[in-house]
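Subject: Structure for you to look at

Hello,

Here is the structure I said I would pass on. Please open it and keep it in view while you read the notes underneath.

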Amino acid sequence: MSETSQTSPLIAYHARTRHRFGAYAEGPGQLDWDAQPEAFRRYPGAPLCELLLTGDQFERRYGELGNPPKIAIAPHLASLGTLLELAYGISAWKSWGPNRWALRCNPSSGNLHPVEAYVLAAGVPGLIDGLHHYDPKDHLLEGRALRSPDGARWMAVGLSSVMWREAWKYGERAFRYCQLDVGHAMATLAYAAALLGWRVKPLAIGGEALARLLGLDRPVDFPPSRFSFTEAEEPEVLLAIEAPGLQAVPTDPVAWLADAFWQGMPSQVDPAPGYRWSVIAQAATASRAAEGALPAVVFPDNPPLPAHPTTAGAAQLIRQRRSGQRFEPKSTLDKADFYRMLDATLPRPGMPFDTQEAMPAIALLLFVLRVDGLPPGLYLLPRIPDAASELPAQLGAGDGRFAGRCAVADVDPDCPTHLDLCLLAALDLGEVQRLARALSCHQDIAATGAFSLGMLADFAGLADDGHAYRRVLREAGLIGQVLYLEAEAAGVRGTGIGCFFDEPVRQAFGVGNERWQPVYHFTVGTPVLDSRIETGPPYPQRQTEKT
Ligand SMILES: Cc1cc2nc3c(=O)[nH]c(=O)nc-3n(C[C@H](O)[C@H](O)[C@H](O)COP(=O)(O)O)c2cc1C
């Protein structure tokens with residue numbers, strides 16, 4: 001990577017934050033769990049708008065999400081409550097002995113939840129026009145910047161990251177995890193919106209303008225003494241909500257807020273931070289979006305994804321989604337379910353991939369362990385044209401280890417040909433398990449499920465476009481969210497894996513080109529539930545309201 005890392009600080013950051021067999025990326029030597037940064041930010045002093053818990057009112061089958069509901073749903077407090085609950089709300093409180101922790105509909109590396117969500121709304125019945133901060137703990141909106149109505153009707157969601165929440169635990173590698181989390185958070189919004197028949201589209205806005213729009217650069221709220229790395233929120237992305245009756249987001253939303261009345265002060269995230277990881281702030285600065293249009297996205301030509309056969313409701317699956325902690329090592333996955341999950345990861349126009357800010361750039365390297373009717377081994381799902389044309393011949397070319405590679409559809413008539421799934425090498429189950437476990441930081445979950453995978457990203461665009469780094473990591477989070485929900489729909493469970501050994505992954509698959517870099521791992525299997533952990537309702541203080 002040496003040549004390119006001199007031209008791109010992000011490629012250098014990625015190289016620097018690799019985990020190696022001999023040493024993990026730079027991080028804190030020890031953690032004081034009692035001094036964990038606060039997971040929920042509030043804006044005391046801001047007026048509150050309590051949201052309804054009405055997800056069940058809009059429930060419909062997961063398999064129907066590709067189509068709008070029979071009766072169009074307009075944006076109002078009830079539907080907005082559903083959108084935010086199913087995208088970022090709490091899904092359960094867990095407890096074990098004296099410990100109690102919240103789980104949310106969006107997953108997060110280490111359950112640290114760096115992502116904060118803001119709603120910009122004009123003309124939504126029941127909500128004052130302006131900027132609102134979403135508080136997932138109490139499921140309410142805090143009015144940050146309120147203004148008088150101008151007759152317009154539109155809505156957008158802005159996301160930011162409190163990067164310190166991840167950096168506190170993961171040190172220098174944390175910037176990667178924040179972006180993966182943002183990708184998951186973009187996808188959770190797209191799925192929740194689809195339940196309502198709404199769509200989510202990214203908007204072109206520069207990082208500085210987004211910081212201004214979300215109030216993240218206000219010296220009065222984040223004074224220099226506190227506008228330090230630990231308290232700051234990094235501007236991430238602005239997403240337009242397309243819903244019945246809504247107009248387009250104004251071209252200059254910052255100007256729209258110019259006369260707004262700002263209220264509330266941000267609560268403190270960490271009163272006594274212990275470490276400094278300056279490379280994270282550097283990576284954030286180097287990868288901020290510039291002003292200007294987003295690159296055009298042209299999706300590869302894939303047939304439409306068939307409706308999922310499950311009868312389970314979408315809200316139900318979104319709320320029950322969890323990360324598998326342990327897998328039943330003898331369980332197998334149906335081949336049809338496996339092919340369906342892979343198919344769902346293919347980039348297509350429509351939800352959730354239309355939240356993507358640029359051309360898809362990720363291929364999947366698969367460790368097939370226990371899929372009925374398929375030999376265990378290493379496989380490639382190219383997903384994108386460049387990977388399809390380059391990787392099958394390139395992988396292992398140095399030593400010919402994949403000389404026997406073949407198209408799975410040629411030997412298995414059940415395999416959809418458009419998957420372009422390639423068997424690189426059939427191996428003993430024990431050998432695949434050994435590899436999968438070792439490469440995912442020796443985590444058993446990577447080896448005891450039905451399959452696990454590494455996401456290999458095309459870094460070609462990074463050399464002259466720093467924001468491309470955020471985009472590839474977010475795409476990985478997006479794919480991860482597809483797999484989480486598809487696993488639940490198939491009656492199994494997924495887990496995102498941010499901890500993997502970067503170069504050993506490339507070596508195991510014989511990736512001969514610096515252009516392709518691993519960014520995220522994932523695993524799917526039959527979960528073993530831990531009966532010692534108790535589960536409580538997400539909002540015990542509230543009844544489920546009916547409107
Ligand atoms: C980007 C990312 C990386 C993750 N990495 C790991 C990992 O390496 N190992 C693991 O066991 N879980 C991992 N997880 C799962 C999280 O620990 C899990 O999402 C979090 O504890 C919240 O639990 P939930 O997913 O059940 O809501 C990861 C999740 C995300 C989103």
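Which residue in E14 is the bridge partner of Leu-378? The partner is Ala-425. Keep in mind that this is a predicted model, and that what follows was computed from it.

Strand E14

Strand E14 covers residues 422–426. Four of those five residues are buried, so E14 is largely enclosed by the rest of the structure. E14 pairs with strand E12, residues 377–381, through four bridges, and these two strands run antiparallel. The pair Leu-378 and Ala-425 that I asked about is a place to start looking. Strand E13, residues 406–407, also pairs with E14 in the antiparallel sense, here over two bridges. On that side, Cys-406 has Leu-423 of E14 as its bridge partner.

The two domains

The chain is split into domain 1, which takes in 2–21 and 42–287, and domain 2, which takes in 323–525. Note that domain 1 is written as two stretches of the chain. Between the C-alpha centres of the two domains the distance is 28 Å. Where the domains meet, 36 residues of domain 1 are in contact with 38 residues of domain 2.

On the domain 1 side of this contact, the elements that give two or more residues are helices H1 (2–7), H2 (9–16), H5 (174–196) and H8 (278–287), together with strand E8 (199–202). The most comes from H5, with 14 residues. Sorted by class, that side of domain 1 has 18 nonpolar, twelve polar and six charged residues.

The ligand

Where does the ligand lie with respect to domain 1 and domain 2? Both domains give residues to the shell around the ligand, so the ligand lies between them. There are 19 residues around the ligand, and those that come nearest are Pro-107, Asn-111, Ser-323, Gly-496 and Gly-498. Two elements, H5 and strand E16 (493–497), give two or more residues to this shell. H5 gives the most, with four residues. By class, the shell has seven nonpolar, ten polar and two charged residues.

If you want one element to follow through the structure, take H5. This helix gives the most to the side of domain 1 that touches domain 2, and H5 also gives the most to the shell around the ligand.

Regards

Definitions and conventions
Residues numbered from 1 in each chain as written. Predicted model: local features only at pLDDT ≥ 70, side-chain atom pairs only at ≥ 80, totals over all residues. Domains from an automatic or database assignment. Contact = placed C-beta atoms within 7 Å. Nonpolar A, V, L, I, M, F, W, Y, C, P; charged D, E, K, R; others polar. Buried ≥ 20, exposed ≤ 12 C-beta atoms within 10 Å, placed from the backbone. Pairing = 2+ DSSP bridges. Near = placed C-beta within 6 Å.
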